[in-house]
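Visitor: I would like to go through this structure by question and answer. Please show it to me before we begin.

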Amino acid sequence: MNLAFLALLPAALLIDRLFGELPSRVHPVCMMGALASRIEALFRRGSNNALMSLSGTLACLLVVLPCAALAGGLAWAAQVYADPRAAWFVSAIIIWICVAPRSLDEHALRVAVPLAKGDLEGARKAVSMMVGRNPDRLDAHGVARACVESVGENLTDGILSTLFWAGIGLFFFGYPGAACLAVLHRSANVLDALWGKKNEKYIRFGTFAARLDDALNFVPARLSLPCITFASRIIPNLRHNDILPVGWKYRAAQFRMERSGLCRSPRPQARRPRRVRGSVRRPSVARRRNPRCQARAHRAGGPAHVAFRYRLHAV
């Protein structure tokens, strides 16, 4: 393992910081979504039974595996037929496409700046692009709470998980493995966003996509706590002493965050895990939210209106 290996992931983050995301009309992740829509039209037919679950599994694999194989194949071809430096560059570009820290930062700032100026309506409009709850009834504290919770969740989905799997692929399989596993996670996450909804339409079809995304995020979600703890000791004005105690104490879950329509888990009610003090359905989501909320000195509990229903979050 040389310096080029170690510099791959920081290089991808640097490219993202310098250039941001590609336009949506040419963004490969948007193309994954278009492919998923075509595959869904072919496979999601009939009633919600065991056959629909099988169709969803096949549809998910037909999206995830070709995308991952294409990314790994590009890096492998650059390594074999060109030069290892070309493979490094191709892998860095592919990982850059799969992460979005600058976009997440920009979305959060679109909420924070109007809040700081007292423009509640502007902040509500901005936060509606990040969360599934009804923003019209949120006060300033509710808008800030919703923004922090969304950033805490997407910190894993949009950054840490992709970097984690890219690092795993890099360590075991070199540059092609880094590109392949980064795209595999990103495509699974896209399918979870599209199909992993707990409604009549996707309750069976999206099960495998949601479970796959859960599995890929399981370890990175638990690594997010030490990452946030480390970052809070570098960045000023953060309550770093509270992060570890709160994170470990409420690692099973702390907040009730139900998002109608955008709900990510397609599990039927009978198979939902045991709730722990008002927990969310997916413990990995709660694990990556809580420390960030604590670091920003927000009380993430309190009232929230989700899909026009009033909810009181645990504190």
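Guide: A polar contact is a pair of N or O atoms within 3.5 Å; within protein, one must be able to donate a hydrogen and the other to accept it. Please keep in mind that this is a predicted model.

Visitor: Which residue caps the N-terminal end of α7?
Guide: A side-chain oxygen lies 3.3 Å from the backbone nitrogen of His141, and the cut-off for a polar contact is 3.5 Å. The residue that supplies this oxygen, and so caps the N-terminal end of α7, is Asp139.

Visitor: What does α7 span between its end C-alpha atoms?
Guide: At 1.5 Å a residue, a straight helix of 56 residues would span 82 Å. α7 bends by about 155 degrees at Phe173, with Pro176 following within four residues. Between its end C-alpha atoms, α7 spans only 32 Å.

Visitor: How many of the 56 residues of α7 are buried?
Guide: Buried means under 20% relative accessible area. α7 is largely enclosed by the rest of the structure, because the number of its 56 residues that are buried is 43.

Visitor: Where does α8 bend?
Guide: The 28 residues of α8, 207-234, should span 40 Å at 1.5 Å a residue, and the end C-alpha atoms are 40 Å apart, which agrees. α8 nevertheless bends by about 40 degrees, and Pro220 follows the bend within four residues. The bend is at Phe218.

Visitor: And in α1, at which residue is the bend?
Guide: α1 has 17 residues and reaches 24 Å from its first C-alpha to its last, close to the 24 Å expected. The bend is about 35 degrees, and a proline, Pro10, follows within four residues. The residue at the bend is Leu9.

Visitor: What covers the buried residues of α1?
Guide: The buried residues of α1 are Leu8, Leu9, Ala11, Ala12, Ile15 and Asp16. What covers them includes α4 (84-98), α5 and α7.

Visitor: Which residue just after α1 takes a positive phi?
Guide: At the start of α1, a side-chain oxygen of Asn2 reaches to within 3.2 Å of the backbone nitrogen of Ala4. Just after α1, the positive phi is about 70 degrees, and the residue is Gly20.

Visitor: Which residue forms a salt bridge with Asp105?
Guide: The closest N and O atoms of the pair are 3.8 Å apart, inside the 4 Å cut-off for a salt bridge. The pair links distant parts of the chain, α5 and α1, 88 residues apart. Asp105 is partly exposed at 31% relative accessible area, and its partner is partly exposed at 43%. That partner is Arg17.

Visitor: What separates Arg102 and Glu106 along α5?
Guide: Arg102 and Glu106 form a salt bridge, with the closest N and O atoms 2.9 Å apart. Arg102 is partly exposed at 22%, as is Glu106 at 30%. Because they are four residues apart in α5, the separation is about one helical turn.

Visitor: In the pair of Asp83 and Arg85, is Arg85 buried or exposed?
Guide: Asp83 and Arg85 form a salt bridge, the closest N and O atoms being 3.0 Å apart. Asp83 is partly exposed, with a relative accessible area of 26%. For Arg85 the relative accessible area is 66%, and exposed means over 50%, so Arg85 is exposed.

Visitor: How many salt bridges does a search of the whole structure find?
Guide: The pairs described above are among them. The search of the whole structure finds five.

Methods: Residues numbered from 1 in each chain as written. Predicted model: local features only at pLDDT ≥ 70, side-chain atom pairs only at ≥ 80, totals over all residues. Heavy atoms only, no water. Salt bridge = Lys/Arg side-chain N within 4 Å of Asp/Glu carboxyl O. Helix = DSSP H or I, 4+ residues; strand = E, 2+ residues; numbered from the N terminus. Buried < 20%, exposed > 50% of the residue type's maximum accessible area, 1.4 Å probe, protein only. Expected span 1.5 Å × (residues − 1). Bend = angle between axes of the 7 residues up to and from the residue. Contact = heavy atoms within 4.5 Å.
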